Amino acid sequence: MPNTEKQQSPTAYSREVGVDSTIKYMGQVITTLAKATETNGRFSLMEVKVRPGLEPPVHIHEREHELFFVIEGSVRFYTPEKTFDVHAGGVGFLPQGKAHTFACLTDELRALILVGATGLETVGMDGYLLQMGEPAQDMDVPDPSTIAPIENPTEVIKAGASWGIRFLSPEETKTALPEYPGFGTRVS
C-alpha cells in the first residue's frame, strides 16, 4: 500500500529537468518536477517525453484530474466523450474517473502533465511512476522497438490499483473508447 500520509508543511525547493530527477517507464522519459510528497498530496507536475508506440494503455485515474500542456509535438486524446487533438501550446484535460489514453501524432511528444487531487486521497500518478520506473541514465527517448514488453502485467495492474490507477482490459477498452485503434497502433 502506498504511503499517502500528507506532509504537514511543504517547504520551498527548486528542481530542474535533468537525469537526477528523471525516470524511464515503458520507454517514456518522465521528469518529476513536483512530487505529491512535496505538495501535501494535492498535485504533482511532470515533464514527459514519448514516441509513438510508447504511449500508456487505457486507464482511469480514481483520485485525480490530469491536465496536459503540450510543449512540442502533437497528441490525440481518447476519452469516452470525445477524441481530440492537441498541438504545441495547447492543453488537454482528462477528468478523474474517465477512461482515457493518448497517441503521439508526431515523432516525439514533449508535455507537462499536472495531476490534481479530487478528494481527500493524495494524487497517485507520480507515486505509481516512481515505483514502477527506473532511474534514467540519459534523457533520450528510446526507439520503441528496443523496449521489451511488460513481463508481468499482473504486477503493473496491482501497483496501479494501489495508487488509484485502473488499467482497462481490451474488452473494457472497446466499450469505453470505441474510437481507440489499440495499444501501439500508429495514428496520423
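The exercises below, each with a worked solution, concern a predicted model.

**Exercise 1. The nonpolar cores**

Task: Determine which residues of the largest nonpolar core touch the most other members, and which strand gives the most to this core.

Solution: Begin with the membership of the largest nonpolar core, which has 36 residues. Within that set, Y25, F77, F102, Y128 and L129 touch the most other members. Turning next to the strands, β10, covering residues 109–117, gives the most to this core, with five residues. Apart from this core lies another, of 10 residues, which includes I60, A99, L168 and L177. To see what surrounds one of the well-connected members, take Y128 and leave aside its neighbours within four places in sequence: the residues in contact with Y128 are then Y25, V156, A159, G160, W163, I165 and F167.

**Exercise 2. Helix α1 and residue Q131**

Task: Decide whether Q131 is buried, partly exposed or exposed, and explain why α1 is described as largely enclosed.

Solution: First locate the residue: Q131 is found in helix α1, which runs over residues 125–132. Its relative accessible area is 46%, and because this value falls between the cut-offs of 20% and 50%, Q131 is partly exposed. For the helix as a whole, six of the eight residues are buried, and therefore α1 is largely enclosed by the rest of the structure. The buried residues of α1 are M125, D126, G127, Y128, L129 and M132. As a last step, consider the surroundings of Q131: not counting residues up to four places away in sequence, Q131 touches A159, S162 and W163. The C-alpha atom of Q131 is separated by 19 Å from that of V17, a residue 114 places away along the chain.

**Exercise 3. Loop residues**

Task: State where M26, N40 and T122 lie, and whether T122 is buried or exposed.

Solution: M26 is found in the loop between β1 (22–25) and β2 (28–34), and its phi is near 50°, a positive value in a residue other than glycine. N40 has its place in the loop between β2 and β3 (43–50), and although N40 is not a glycine, its phi is positive too, at about 60°. T122 lies in the loop between β10 and α1. Its relative accessible area is 6%, and because this is under the cut-off of 20%, T122 is buried. In space, T122 and T31 are 19 Å apart, C-alpha to C-alpha, with their positions 91 residues apart in sequence.

**Exercise 4. An aromatic pair**

Task: Classify the geometry of the pair formed by the rings of F68 and F102.

Solution: A pair of aromatic rings is described by the distance of the centres and the angle of the planes. The count of aromatic pairs comes to seven. For F68 and F102 the ring centres are 5.4 Å apart and the planes stand at 65°, so the pair is edge-to-face, the angle being over 60 degrees. The pair links distant parts of the chain, since F68 belongs to strand β5 (residues 64–72) and F102 to strand β9 (residues 101–104), 34 residues apart. Both F68 and F102 are buried, and together with F77 and F84 they form one aromatic cluster.

**Exercise 5. The annotated span**

Task: Describe the helix and strand content of residues 47–114.

Solution: The feature "domain: Cupin type-2" is placed by UniProt, in an unreviewed entry, at residues 47–114. In the model this span is 0% helix and 59% strand, and its end C-alpha atoms lie 9 Å apart.

Conventions:
Residues are numbered from 1 along each chain as its sequence is written. This is a predicted model: local features need pLDDT of at least 70, side-chain atom pairs count only at pLDDT 80 or more; totals for chains, interfaces and linings use all residues. Side-chain values use heavy atoms; hydrogens and water are left out. A nonpolar core is a set of buried Ala, Val, Leu, Ile, Met, Phe, Trp, Tyr and Cys residues joined through side-chain atoms within 4.5 Å. Buried means under 20% relative accessible area, exposed over 50%, partly exposed in between (1.4 Å probe, protein chains only). Helices (H or I, at least four residues) and strands (E, at least two) are DSSP runs, numbered from the N terminus. Contact means heavy atoms within 4.5 Å. UniProt positions are given in the numbering used here, feature names are shortened, and annotations may be inferred rather than shown by experiment. Rings of Phe, Tyr and Trp (its six-membered ring) pair if their centres lie within 6.5 Å; planes under 30 degrees apart count as stacked, over 60 as edge-to-face and the rest as tilted.
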